[in-house]
6 protein chains.
Amino acid sequence: MLRLAAPGFERLMQSPSLSATFGGGEANVAVSLANYKIPVSFVTRLPDNDLGIACAKELRGLGVGTEQIVWGGDRMGIYFLEAGAVSRGSKVIYDRSHSALSEIEPGMVDWKEVFKDAAWFHWTGITPAISESAALVCQEAIQAANLAGLTVSVDLNYRKKLWRWGKSAREVMPGLVQGCDIILGNEEDAAMALDIHPEGVDVSKGKVKAEAYLSVSRKIMDQVPRCNKVITTLRGSISASHNTWSGVLYDGETLHRAREYDITHMVDRVGGGDSFMGGLIYGLLTYGDDPQAALDFAVAASCLKHTIYGDYNRVSIEEVEKLMGGDASGRVSR
Amino acid sequence: MLRLAAPGFERLMQSPSLSATFGGGEANVAVSLANYKIPVSFVTRLPDNDLGIACAKELRGLGVGTEQIVWGGDRMGIYFLEAGAVSRGSKVIYDRSHSALSEIEPGMVDWKEVFKDAAWFHWTGITPAISESAALVCQEAIQAANLAGLTVSVDLNYRKKLWRWGKSAREVMPGLVQGCDIILGNEEDAAMALDIHPEGVDVSKGKVKAEAYLSVSRKIMDQVPRCNKVITTLRGSISASHNTWSGVLYDGETLHRAREYDITHMVDRVGGGDSFMGGLIYGLLTYGDDPQAALDFAVAASCLKHTIYGDYNRVSIEEVEKLMGGDASGRVSR
Amino acid sequence: MLRLAAPGFERLMQSPSLSATFGGGEANVAVSLANYKIPVSFVTRLPDNDLGIACAKELRGLGVGTEQIVWGGDRMGIYFLEAGAVSRGSKVIYDRSHSALSEIEPGMVDWKEVFKDAAWFHWTGITPAISESAALVCQEAIQAANLAGLTVSVDLNYRKKLWRWGKSAREVMPGLVQGCDIILGNEEDAAMALDIHPEGVDVSKGKVKAEAYLSVSRKIMDQVPRCNKVITTLRGSISASHNTWSGVLYDGETLHRAREYDITHMVDRVGGGDSFMGGLIYGLLTYGDDPQAALDFAVAASCLKHTIYGDYNRVSIEEVEKLMGGDASGRVSR
Amino acid sequence: MLRLAAPGFERLMQSPSLSATFGGGEANVAVSLANYKIPVSFVTRLPDNDLGIACAKELRGLGVGTEQIVWGGDRMGIYFLEAGAVSRGSKVIYDRSHSALSEIEPGMVDWKEVFKDAAWFHWTGITPAISESAALVCQEAIQAANLAGLTVSVDLNYRKKLWRWGKSAREVMPGLVQGCDIILGNEEDAAMALDIHPEGVDVSKGKVKAEAYLSVSRKIMDQVPRCNKVITTLRGSISASHNTWSGVLYDGETLHRAREYDITHMVDRVGGGDSFMGGLIYGLLTYGDDPQAALDFAVAASCLKHTIYGDYNRVSIEEVEKLMGGDASGRVSR
Amino acid sequence: MLRLAAPGFERLMQSPSLSATFGGGEANVAVSLANYKIPVSFVTRLPDNDLGIACAKELRGLGVGTEQIVWGGDRMGIYFLEAGAVSRGSKVIYDRSHSALSEIEPGMVDWKEVFKDAAWFHWTGITPAISESAALVCQEAIQAANLAGLTVSVDLNYRKKLWRWGKSAREVMPGLVQGCDIILGNEEDAAMALDIHPEGVDVSKGKVKAEAYLSVSRKIMDQVPRCNKVITTLRGSISASHNTWSGVLYDGETLHRAREYDITHMVDRVGGGDSFMGGLIYGLLTYGDDPQAALDFAVAASCLKHTIYGDYNRVSIEEVEKLMGGDASGRVSR
Amino acid sequence: MLRLAAPGFERLMQSPSLSATFGGGEANVAVSLANYKIPVSFVTRLPDNDLGIACAKELRGLGVGTEQIVWGGDRMGIYFLEAGAVSRGSKVIYDRSHSALSEIEPGMVDWKEVFKDAAWFHWTGITPAISESAALVCQEAIQAANLAGLTVSVDLNYRKKLWRWGKSAREVMPGLVQGCDIILGNEEDAAMALDIHPEGVDVSKGKVKAEAYLSVSRKIMDQVPRCNKVITTLRGSISASHNTWSGVLYDGETLHRAREYDITHMVDRVGGGDSFMGGLIYGLLTYGDDPQAALDFAVAASCLKHTIYGDYNRVSIEEVEKLMGGDASGRVSR
């Protein structure tokens, strides 16, 4: 997806210039994994024009496999971004209708081939939101992944400005998540995609209680028998410039909690959840039997994302581990 | 329409930045007329989001009436532009499918109201190219304009990358031009839109003969009885950086010829034809009984356009008249 | 007025580049009103050159009427701006002497004609500061507005670097405000323009007490019998990057107080007071009999201004109302 | 003087950005001399604010003495520049009225002190154009220079948009040039400043004949007995992008001619004449008894100026001599 | 290698900004081949820091294999570039001493492994110029390539500002080229690297005669028995903005000549020779038995390079073939 | 030294652009002194190429004497900078090996001549870190300064990424500081350069106790009999965006403490220590017998540095004194 952002904190088209980079939920997760040296391939559909090709080039450069990309369709999805500050929130204008991906059809991807040597499949709730056929392809992929014995993870990622093709998230998502082993979301995602609500939490207060998410996690696990881990990102929106950030992971037994980071001067919060997911997958693969460590890595990695411009989380394992280790002083390395 | 151009002579996405301005055939003509102090209103359909609003703001600032804009639809048409140099031609990627304008429907514009105090209606061959319903609205508008007694002009403007909705230009355009008093095009437009061909002209040689266009003009007039003026823009493409530029106007009696300008260091050739049309309408309105003067103004105005960045021809009557008067020395005014 | 600002937080001419936009007290108020869909016209004098014309074009694009602009004079007023940070305050260099506006003369504006269909006239204390003839034109305008029965408002806007033509603010302003119904200022304005002082307030402490302004408001009303509302903006300057912001409105009976906003990461504070005035006029016109609502709208609107680059407050009614409604969390809208 | 230029070939304020550098006739000559290692000091008046100080810092950095600058006045002179291309000429908007220099008064500069160790005084026709008092200071300086036995040179530099203080160039300049040993100008300068006209030359044709300047040079020498060298710059304005450039020098005996350079892709022509003068002074000081060599150096130096952005001619002696030596092939040095 | 270029046509450090891209002779050839879908791997040594990693990422994104890169050393080679115009040539400042590559040692690359599945090895005369150990590694690589039966090509690429480690090009290059099948150079390269001189050619005149190169080619073949093709690039330096460009290929029997292109508005000439070599290798691999076609492809490809910013030739086979086919009109593709 | 910084908060080479300015410990101190009107000369070695010359030009412009610069060597030292935010620290990549300065040799500077009219010599621990010969030149300079009776000051400035030539800081620095009257450092510098450790201080906590430095200061004085003042900068690294800043000065009798500034929105912290040293030297020269005032000036000056982009502290005495006087409210000056 092409991301076109107004410069600095300007409103869209205040100046005749846009910062043009690539991003999008699944691509962002893939880049995180590539940064952590996990072999990863991005499966999507891109138009065979200079924009689609440039997107694939960048991903390949960052270490993400692009061999599985299906080429075709008319246009690349676009989103316009205006960065907020203090009491003015960031604003996204989606221009994704009729994108190459939205017009993907079941059968276009040979999932059996794609999953041949794979161990993990990750998808997000954004894909089924953009079109009916994209939702069908998600279903197709999840079934193939289940058949092939892959771990399947999902980021619920509810986007109210999408979901315009006829069905609502609540009609589609519950079916899709049935094939998932690991489910990530925040309070709004659980409510809007799965109709499961945290109790006693007022997110507009900028303060959330980890405890409240235990019941949500349990409800999700009840609904999705296959699921063995529910992860909730905890964002406290003090202002558009200042958030707190943490997460909890419920593994059916324990609600693991992570340190809460105080992100006082956000550089770019888009992709925060994706960088959490990328960190989590790395963590689960690396510290397999230590969900706490995986959660800590995910939270630290995504904390760093908020300091980096663009959708991608351009950090290394060493940088995440340094922050996990407690050094958030931001001293100059020289 | 949003124009997203790579910086300088870079290829698209070579750098993570795009110059973002507005433009498009009819808007460009409207801006030219507003620059020449002709009251003008732009009739189009724009999405009611920050991009559509910014486009209307810019046009209003430049003096173009925006009261007749129909608000609605999902997205604004976009085109991506890469500026060529020397032997590398400029490149356009259209991303106009499903734009607000492409989904305009007959009945959305109250043409009677729109034409109430108007004397002239101008349209281009780009609009019927983008969708069937847009073609129908063109037809609707031309009929209403004819009924209301307006002068109707068209720029044939053939674009091979558009015209993808099912019918070809040759199937649609001949019917539409029947309602036109004034028809402008270049050699390719006449061939592709009306199936009328100049004789003995090889445009790839960078040299065209005005004489050959007399027969084309006559054929057009034969096909379109209402038409009383056929204007042909004459571009000699020596290279992407260097063109010659002129035009001829046939009024049924005489083939008026204009001076040929040598545009040795083009700044931006997009909108060249539109600036010609804007100059021509101004010229015909101002020097009504002197088609030669109108043509000379149009050619000089559009010669200047090639020195100005962006789709719009940001010049004044005085600047055009100075060039018409023969001063092409480009001396500093100080 | 042309605003030439150093890039980012650079000192002036640290790099060979200036951000060039337009602004100025009265223009800023006009743009706010246009954003809120209030018909508004800007009366000023601009030089008939490319700079003056560009300024008018931008205002017209933003929806401000420019028909009343008087064209003439030699130059456009300029101010150079250097944005401060933390303990380094922003810095303004005025270059307004001999501007077209400073050389305006009584008689140049046909105020009777200007005020024909108008209901409100707003002026600021910056205009009489720049030249004697500008002060005379202010007087002329206020008298005409009073005669025509308009509501007259003023932002006292004391600028110590202006007021160099011979008389001091204290000699001129008290006479001019006699014709005003609504008077806005901050603590320094009241002191320097009207010689009226708040008691027990040390603004350099970054903390101000709303209570102290009751006595000031009363004194102003005593001095200006016509005045029915005195509004005081309350800025707590914790640092150049962090301010608190609020305001009080005294209507002769009650001192209405507004919520205090904590603007922790200011993007641009120039135009903050103007955006307050724009919000206030909108509020008084819209919630006429509810001064508290008008004040709340004004404070919220101008709080948002601090997050927007440039002099103009580029926000919509909906955005202001969302903030008034209590949502300052700055969440992403997507 | 502050030079504010639109980016690239944009029209002024087409984008909200201006390139901000310093320049001006005399400063440009001084920088050229400093580049050639000639000790040089710039005598002017600058406002004691961040702009004036930045200007002096840049000059000092480039090697120009700034000790003689008189500090005071309200504002720095500004000119706005829009670069032309092909048939659209560059455009200058002066904003120099009431600048610090325009308000300089006789007596402010201690010319005796300034000229103590000096051998050469150079001034231009721009200074007497901006105000009566500046013209008087020119007169004062020339007289002091004559008294002190300095060589005095002038660049006639006629600017029709200046000369607005009451007298015309023809009324003022003839008197001032009486104190000059060396007079430089082009065809327009001689006509407008001294009422001396070349014969049989139509500059708008883009071709000038050196021969015609012999009579002009002789007439000037007749009018100014002190004058021993008249130099004429020969610019053929083929277009705003393409000029030819040369010069002739008459020393009372011979009309020395220089090679004509074909400047096919001009980068920036402002300061072309100043760079010629800088080269000439260097040449005359260095090759004293060889006016042909001095002329050749001046023409080559100023030819290079047209390839350099900004007012200043940022070239070295070696680069000029390489071009003088005939190597105009523009090969890469690596 | 990191390329740091002044913006536009500015002199180095005229503004506080540098365009930062990657490039270098061998990398440029590799990128060309990747663009033409030829599997290619870049063998070099890069420092294991953010700069080296970013360079490898970009190459990988562009399709160049980076698995053979040897990581180590202290610093990345840098060159500073100032683009010339008209009579002012471009200027390169090398800062390559002690780069990771310059400190490469024999044995660091396992050439047997590198060449396992390879068919072609290309090197340039820049590598042995930077250090003695780099020259030794060249020798090592050429020997291994010869042993493994690869085609070996060289671009002589003489750079007078390099070759500072003790031996001259003439002492080192003749030995190295003994292992080469295909030798490319221009007139200066042959002279400086191999002491072989064209006759009757004055390159500073901007005109070269292809005929003169026949004798040079023959002399090279006499010296290097293994060599079966000698290719000479023919650059006519009319100015820094305008070159002619062509080439000849001698295959031991025939001197094949290519069309001469007139590059009237160069965008960036650095990498021109490399893009020729990339085109030539592609051509020889593709049109194996038709050296004329390979030469034509190489000349057209490198003609296009001069219109593209940066070291890399970002063009496709289709674009080169279009130009080869004779269409140099630079028309807009839309 | 050339400083090449990624734009904004981007990671290095995230965009193809670098901000290019000059800086470095000793140069930064010199610029501070020049800003405070203290005559100062910078002694270093620069390569005689466009980069070295541009560096000297900038320093001369800023008022620093450049006559003592020794010209020679191959390259200019470079450092690449990536600005951190919140929990991501800034990152420096040094590319200083083999710089002109690193290859300086004893005897190249005529210290007797340099110190002829000087009263103070300042050096930093960075110079002996870069090469053995640079360390020897430091020793040579300190001895000459001692002989000539100058006050000698040092900023210990430990940089772990330098010190790679064979000896450690602890082996070299103790000898060099023997010639120093005034020693400045922070907790890490004292530990790494002099093996002297503060007690009970954990700097990673972001809180330091001034008290602990008394013992360190005393130990330094014990080791260095000549030393009469030890100054410690106190930085509390709350995050990369938010630091506290203060300092203590021990004069053998009293530990003077300064106000602690809360730098909540850092613009650029590189050069913070240098700006402290520049302020301190000015303070000691100006308020000689009042070390508290000198310390207060130094702390306020360097507090302001954190709000200014680039290595240099571009502030005036007036601005520092305003902050010293307690006005940190950052109000707009207009």
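This passage describes the fold of one chain, the relation between chain copies, and the surroundings of a helix and two loop residues in a predicted model.

The model is predicted, so that local features are reported only at pLDDT of at least 70 and side-chain atom pairs only at pLDDT 80 or more, whereas totals for chains, interfaces and linings use all residues. Residues are numbered from 1 along each chain as its sequence is written, chains are lettered from A and ligands numbered from 1 in the order in which they are written, and side-chain values use heavy atoms, with hydrogens and water left out.

The secondary structure of chain A consists of 11 helices and 13 strands, where helices (H or I, at least four residues) and strands (E, at least two) are DSSP runs numbered from the N terminus. Chain A has a radius of gyration of 19 Å, close to the 20 Å given by the globule rule for 334 residues, so it is as compact as a globular protein of that length; the radius is taken over C-alpha atoms, and the rule is 2.2 Å times the number of residues to the power 0.38. Along the principal axes, the C-alpha atoms of chain A fill a box of roughly 50 × 45 × 40 Å. Of the 334 residues of this chain, 65% are buried, a term that denotes under 20% relative accessible area, with exposed meaning over 50% and partly exposed in between (1.4 Å probe, protein chains only). Among the contacts in chain A with a separation of 6 or more, 66% join residues 24 or more positions apart, a contact being defined by heavy atoms within 4.5 Å.

Chain F is superposed on chain A by a rotation of 120° with 0.0 Å of shift along its axis, with an RMSD of 0.0 Å, the fit being by least squares on the C-alpha atoms of residues with pLDDT of at least 70 in both copies. That is the relation of a three-fold axis. The two copies use different surfaces, and 7% of the contact residues of chain F recur in chain A. The residue of chain F that comes closest to the rotation axis is His265(F), at 4.6 Å for its C-alpha. Chain E is likewise superposed on chain B by a rotation of 120° with 0.0 Å of shift along the axis and an RMSD of 0.0 Å. Here too the copies use different surfaces, with 10% of the contact residues of chain E recurring in chain B.

Helix 1 of chain E (residues 25-35) is mostly covered, since 11 of its 11 residues are buried. These buried residues pack against helix 2 (50-61) of chain A and, within chain E, against helix 2 (50-61), strand 7 (120-124), helix 4 (127-130) and helix 9 (272-286). Just after this helix, Lys37(E) takes a positive phi of about 70°.

Arg159(F) lies in the loop between strand 8 (151-155) and helix 6 (169-177) of chain F, and is buried, with a relative accessible area of 10%. Beyond its neighbours within four places in sequence, Arg159(F) is in contact with Arg334(A), Tyr94(F) and Ile126(F). Ser97(C), located in the loop between strand 6 (91-95) and helix 3 (111-114) of chain C, is partly exposed, with a relative accessible area of 27%. Not counting residues up to four places away in sequence, Ser97(C) touches Arg75(C), Ser102(C) and Asp74(D).
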